[in-house]
Amino acid sequence: MQNLKNSKFELIQMKPQNTQSAVVSIGDECVIFDPWGNATNWEKLLSERGLTPRAIYATHGHPDHIAAAPAIAKTYNIPWYLHNGDFRLVGWGNDLLEYFGLPKISIDDVRPTELEIKQTQVLPGLVMDIIETPGHTPGGVAYHFPAEHVLLIGDTLFQDSVGRYDLPGGDVKMLIQSIANIYNLNLPEDTAVVHGHGMDTCIGWLKINNPYFHN
Ligand SMILES: [Zn+2]
């Protein structure tokens, strides 16, 4: 991925393998996206890289995208951001975390901070747009870094398929509309697209290969 203004994007497949997380850093500061896995492993990873986390952002409230968020937020005393449409999902699906041998979470552990839908500077010099993408969940969002040409799309769209819409709060019409909205942004073809699961792609590749990516 591109390296602009010394920003560095690192995709992390934390054990047990399931979800794609991301760490975006400038110098020794970073923000974390969709922290899957155990918080202890995150602390180890951050300390190995000499990184201090400033915030955590979730693309949506499913347990496989927020598993370690409350615990990391507590350890470093930082906010973890979630769209308020997904607040009620926090704590739902704890059986999935149990299945993977991870601690259960609850909205009362460390409450999420409501995500404001606006352009924001997540680290000095690192600008991020927040795009609402309801459908997979009511409060799903995508995170776009216009200068770096990176889009974190969560579970809205995968390499060659779409996210599920049969889970609580899912809505197929909204999901289709959200995908069309992303398509209509006309992002540069070389924009790297990071999916919540599976390999990353780019906008140009999705236009040719993903039958669901259209307006
Ligand atoms: Zn999901």
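**Exercise 1. Overall form**

What radius of gyration would a compact globule of 215 residues have, and what radius of gyration has the chain?

*Solution.* The structure is a predicted model. Begin with the expected value: for 215 residues, a compact globule would have a radius of gyration near 17 Å. Next, take the value of the chain, which is 16 Å and agrees with that expectation. The extent of the C-alpha trace may be added: along the principal axes of the chain it spans about 40 × 40 × 30 Å. Burial comes next, and buried residues account for 43% of the 215 residues. Finally, consider the contacts between residues at least 6 apart in sequence: 58% of these join residues at least 24 apart. The chain has 6 helices and 12 strands.

**Exercise 2. The open sheet**

Determine the strand order of the open sheet of 6 strands, and identify its edge strands.

*Solution.* Reading across the sheet gives the order β7-β8-β9-β10-β11-β12, and the pairing is mixed. The edge strands are β7 and β12 (201–202), each of which pairs on one side only.

Describe how β8 pairs with β7 and with β9.

*Solution.* Step one concerns β7 (residues 120–123) and β8 (residues 126–132), which are antiparallel and share 3 bridges. Within this pair, threonine 120 lies opposite methionine 128, and leucine 123 lies opposite leucine 126. Step two concerns the turn: the hairpin of β7 and β8 has 2 residues between the strands, and glycine 125 has a positive phi near 90° there. Step three concerns β9 (residues 141–145), which runs antiparallel to β8 and is joined to β8 by 4 bridges. Two bridge partners can be named: aspartate 129 is matched with histidine 144 of β9, and isoleucine 130 with tyrosine 143 of β9.

**Exercise 3. Helix α1 and its two faces**

Which residues of α1 are buried, and which exposed residues lie on the face turned away from them?

*Solution.* First, list the buried residues of α1 (39–49): Ala39, Trp42 and Leu46. They lie on the same side of α1 because they cover an arc of only 55° around the axis. Second, turn to the face pointing away from the buried side, where Thr40, Lys44, Ser47 and Glu48 are exposed. Third, ask what covers the buried residues of α1; the covering elements include β4 and α3. Just after α1, glycine 50 has a positive phi of about 65°.

**Exercise 4. Helix α3 and the nonpolar core**

Identify the buried residues of α3 and the elements against which they pack.

*Solution.* In α3 (residues 69–76), the buried residues are Ala69, Pro70, Ala71, Ile72 and Ala73. They pack against β3 (29–33), α1 (39–49), β4 (52–57), α2 (63–66) and β5 (80–82).

Which residues of the largest nonpolar core touch the most other members?

*Solution.* The core contains 51 residues, and those touching the most other members are Ile56, Ala58, Ala68, Ala69, Ile72, Trp80 and Leu152. Isoleucine 56 may be examined in detail. With neighbours within four places in sequence set aside, isoleucine 56 is in contact with Ile32, Pro35, Ala69, Ile72, Ala73, Ile78, Trp80 and Tyr81.

**Exercise 5. Unusual backbone geometry**

Where are asparagine 77 and asparagine 186 placed, and are they buried or exposed?

*Solution.* Start from the general expectation: most residues other than glycine have a negative phi, and most peptide bonds are trans. Asparagine 77 has a positive phi near 55° and lies in the loop between α3 and β5. A residue is exposed if 12 or fewer other C-beta atoms lie within 10 Å of its own. Asparagine 77 has 7 C-beta neighbours inside 10 Å and therefore counts as exposed. Asparagine 186 has a positive phi near 50° and belongs to the loop between α5 (172–184) and β11 (192–195). With 9 other C-beta atoms within 10 Å, asparagine 186 is exposed.

Which two residues does the cis peptide bond with omega of about -10° join?

*Solution.* The cis peptide bond links lysine 15 to proline 16. Proline 16 is located in the loop between β1 (7–12) and β2 (21–26).

Terms used: Residues are numbered from 1 along each chain as its sequence is written. This is a predicted model: local features need pLDDT of at least 70, side-chain atom pairs count only at pLDDT 80 or more; totals for chains, interfaces and linings use all residues. Two strands pair if DSSP finds at least two bridges between them. The radius of gyration is taken over C-alpha atoms; the globule rule is 2.2 Å times the number of residues to the power 0.38. A residue is buried if 20 or more other C-beta atoms lie within 10 Å of its own, exposed if 12 or fewer, and partly exposed in between; C-beta atoms are placed from the backbone. Two residues are in contact if their C-beta atoms, placed from the backbone, lie within 7 Å. A nonpolar core is a set of buried Ala, Val, Leu, Ile, Met, Phe, Trp, Tyr and Cys residues joined through C-beta atoms within 7 Å. The arc is that of the directions from the helix axis to the C-beta atoms.
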